[in-house]
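Trainee: I should like a close look at a single part of this protein, the second largest pocket and the strands around it. Please set it in the context of the rest of the chain.

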Amino acid sequence: MKAIGIIAAMEEEMSAVKAKMTHIKTMSIYEKTFFTGFLSGKQCVLVECGIGKVNAARTTQLIIDHFSLICIINVGSAGALNYNLDYLDIVISTACVQFDFDLTVFGRKQGELPELGCYLTADTSLVSLMEKAIRLTDSKHRIFSGIIATGDQFINDPEIKQTMHEQFHAECDEMEGAAVAQVCTLCHLPFVIIRSITDKPNSKEKVDFYEYLDEASARCACFLEQAAILISTE
């Protein structure tokens, strides 16, 4: 029986999911701790990747290499690019793009990866399943599906966010999702990226992120618990 792989960027996000797990065991691989156990009776592997694309890609390859997985779900927080998004709204990835990947000097588009293109497409069945799981556990906040933009920058400038929204048609931006997506795509493993909005475009003097992080993490853990019920690991 294969396991559900769950990758969180930060300790707060990872701990909220871990609190829902049972029969937890740990495995250390290159000083990275992986938690194996059960979530809603399904085998799962949980790990905190750390912030940024390199950490995310490294951790994704490690979990794929050392565990038998049915899919990977990457959960975390994001900043709104779409001005219609509000705090704690949820974005499910239809695709991801690395907004800071730039080979335009060679005639490629901004974000275009050689041989992979600009957009890394999430598994459509996982997207539908996650939307169902979220609706079953959260009737208060809105759910969006769309493109998630990833880069090694925390963007808080409203003008830059507006430009990114227009250029990539992305709903939100964060720092890990497209790296997870790229490794999963290359390894032919289904994936989906889930983000809860914790900050919105505003003046450069104000960062909202930590005001909503704990609540966003707790809610992600709740709908992952429901999603595990719906995912077949046979």
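Mentor: A residue counts as exposed when its relative accessible area is over 50%, as buried when that area is under 20%, and as partly exposed in between. The model before us is predicted, and His-23 is a suitable starting point. With 66% relative accessibility, His-23 is therefore exposed. This residue belongs to strand S2, and its phi is positive, about 50°, although His-23 is not a glycine.

Strand S2 (22-29) leads to the pocket itself, for strand S2, strand S3 (32-39) and strand S4 (42-48) are the elements that each give two or more residues to the lining of the second largest pocket. The space in this pocket is about 160 Å³. Its lining comprises 13 residues, and those nearest the centre are Ala-3, Thr-36, Gly-37, Gln-43 and Cys-44. Sorted by class, the lining holds 6 nonpolar, 5 polar and 2 charged residues.

The loop between S3 and S4 contains Ser-40. Like His-23, Ser-40 is a residue other than glycine with a positive phi, here near 55°. Its relative accessible area is 30%, so Ser-40 is classed as partly exposed.

Turning to the interior, the largest nonpolar core has 70 residues, and Ile-63, Ile-73 and Met-130 are those with the most contacts inside it. Beyond its neighbours within four places in sequence, Ile-73 touches several residues, among them Ile-4, Ile-6, Met-130, Val-192 and Ile-231. A second, separate core has 10 residues, including Leu-81, Phe-99, Met-164 and Ala-170. In soluble globular proteins, nonpolar side chains tend to be buried together.

The cysteines deserve a word as well. The structure contains 0 disulfides. For Cys-71, the nearest cysteine sulfur is that of Cys-184, 9.0 Å away, whereas a disulfide would require the two sulfur atoms to lie within 2.5 Å. Cys-71 has 2% relative accessibility and is therefore buried. Cys-172 is likewise in no disulfide, and the sulfur of Cys-96, its nearest cysteine sulfur, is 8.6 Å away. Cys-172 is buried too, because its relative accessible area is 0%.

Finally, Tyr-87 offers a link between distant parts of the sequence. This residue is located in the loop between strand S5 (69-80) and strand S6 (90-98). Tyr-87 and Asp-199 are 112 residues apart along the chain, yet 6.6 Å separates their C-alpha atoms. At 22% relative accessibility, Tyr-87 is partly exposed.

Conventions: Residues are numbered from 1 along each chain as its sequence is written. This is a predicted model: local features need pLDDT of at least 70, side-chain atom pairs count only at pLDDT 80 or more; totals for chains, interfaces and linings use all residues. Side-chain values use heavy atoms; hydrogens and water are left out. Buried means under 20% relative accessible area, exposed over 50%, partly exposed in between (1.4 Å probe, protein chains only). On a 1 Å grid over the protein atoms alone, a cavity is a set of points where a 1.4 Å probe fits but cannot get out, and a pocket is an open set with protein on both sides within 12 Å along at least five of seven lines; lining residues have an atom within 4 Å of a point. Grid points are joined across faces, edges and corners, and a volume is the space filled by probe spheres set on the points. Helices (H or I, at least four residues) and strands (E, at least two) are DSSP runs, numbered from the N terminus. Ala, Val, Leu, Ile, Met, Phe, Trp, Tyr, Cys and Pro count as nonpolar, Asp, Glu, Lys and Arg as charged, and the others, Gly among them, as polar. A nonpolar core is a set of buried Ala, Val, Leu, Ile, Met, Phe, Trp, Tyr and Cys residues joined through side-chain atoms within 4.5 Å. Contact means heavy atoms within 4.5 Å.
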